[in-house]
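Me: I would like to learn how to read a protein model carefully, one feature at a time. Could you take me through an example?

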Amino acid sequence: MFIGAIVICASLVDVTSCDLKVNGKQSYDTQEECMQEVTKVAQHTAYVLGLPSRPYCFKLEIYNT
């Protein structure tokens, strides 16, 4: 299972201007499926807000204890 996230930065030279937005409401079965959706959102965000953004997908490991 994968979750998608987008890093949005107000400045390309100042990492403290960056913010991580995670979609905690939806998960994806494959990394490819996740990247397709998150890339669309990152591109839309960059276009609408005019801010650099980068998509990421993280694998969730679920352990039974």
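Reply: We shall go from the overall layout to the disulfides, then to the helix and the core.

Reply: The model is predicted, so local features need pLDDT of at least 70 and side-chain atom pairs count only at pLDDT 80 or more, while totals for chains, interfaces and linings use all residues. Residues are numbered from 1 along each chain as its sequence is written, and side-chain values use heavy atoms, with hydrogens and water left out.

Me: How many helices and strands does the secondary structure of the chain come to?

Reply: Helices (H or I, at least four residues) and strands (E, at least two) are DSSP runs, numbered from the N terminus. Here there are one helix and three strands, and along the sequence they follow the pattern β-β-α-β. The C-alpha atoms fill a box of roughly 40 × 25 × 15 Å, taken along the principal axes.

Me: What share of the 65 residues of the chain counts as buried?

Reply: Buried means under 20% relative accessible area, exposed means over 50%, and partly exposed lies in between, with a 1.4 Å probe and protein chains only. By that rule, 22% of the 65 residues are buried.

Me: How many disulfides does the count come to?

Reply: A disulfide is a pair of cysteine sulfur atoms within 2.5 Å, and the count here is two. One joins Cys9 to Cys18, with an S to S distance of 1.9 Å, and the other joins Cys34 to Cys57, at 2.1 Å. With bonded cysteines counted along the chain, the pattern is 1-2, 3-4.

Me: Is the disulfide of Cys9 and Cys18 right-handed or left-handed, and which is the case for Cys34 and Cys57?

Reply: Look at the torsion about the S-S bond. For Cys9 and Cys18 it is about 105°, so that disulfide is right-handed, whereas for Cys34 and Cys57 it is about -100°, so that one is left-handed. The Cys34 and Cys57 pair links distant parts of the chain, with Cys34 in helix α1 (residues 31-49) and Cys57 in strand β3 (residues 53-59), 23 residues apart.

Me: Are Cys34 and Cys57 buried or exposed?

Reply: Cys34 counts as buried, at 0% relative accessibility, and Cys57 is buried too, at 12%. In the other disulfide, Cys9 is buried with a relative accessible area of 12%, but Cys18 is partly exposed at 28%.

Me: What span should the 19 residues of α1 have?

Reply: The expected span of a helix is 1.5 Å times one less than its number of residues. For the 19 residues of α1 this gives 27 Å, and the end C-alpha atoms are 26 Å apart, which agrees.

Me: Which residues of α1 are buried?

Reply: An α-helix has 3.6 residues a turn, so residues three or four places apart point the same way. In this helix the buried residues are Cys34, Val38, Ala42 and Thr45. They cover an arc of only 60° around the axis (the arc of the directions from the helix axis to the C-beta atoms), which puts them on the same side of α1. The face turned away from that buried side carries exposed residues, among them Glu32, Gln36 and Lys40.

Me: What do the buried residues of α1 pack against?

Reply: Contact means heavy atoms within 4.5 Å, and these buried residues pack against β1 (2-9) and β3. Leaving aside neighbours within four places in sequence, Thr45 is in contact with Ile8, Gly50 and Ser53, and Cys34 with Phe2, Ile3, Gly4, Tyr28 and Cys57. Thr45, which is buried at 13% relative accessible area, also has a side-chain polar atom 2.8 Å from the backbone oxygen of Val41.

Me: Which residues make up the largest nonpolar core?

Reply: A nonpolar core is a set of buried Ala, Val, Leu, Ile, Met, Phe, Trp, Tyr and Cys residues joined through side-chain atoms within 4.5 Å. The largest one has eight residues, namely Phe2, Ile6, Ile8, Tyr28, Cys34, Val38, Ala42 and Cys57. To this core β1 and α1 each supply at least two residues.

Terms used. A polar contact is a pair of N or O atoms within 3.5 Å; within protein, one must be able to donate a hydrogen and the other to accept it, and residues adjacent in sequence count only if both atoms are side-chain atoms.
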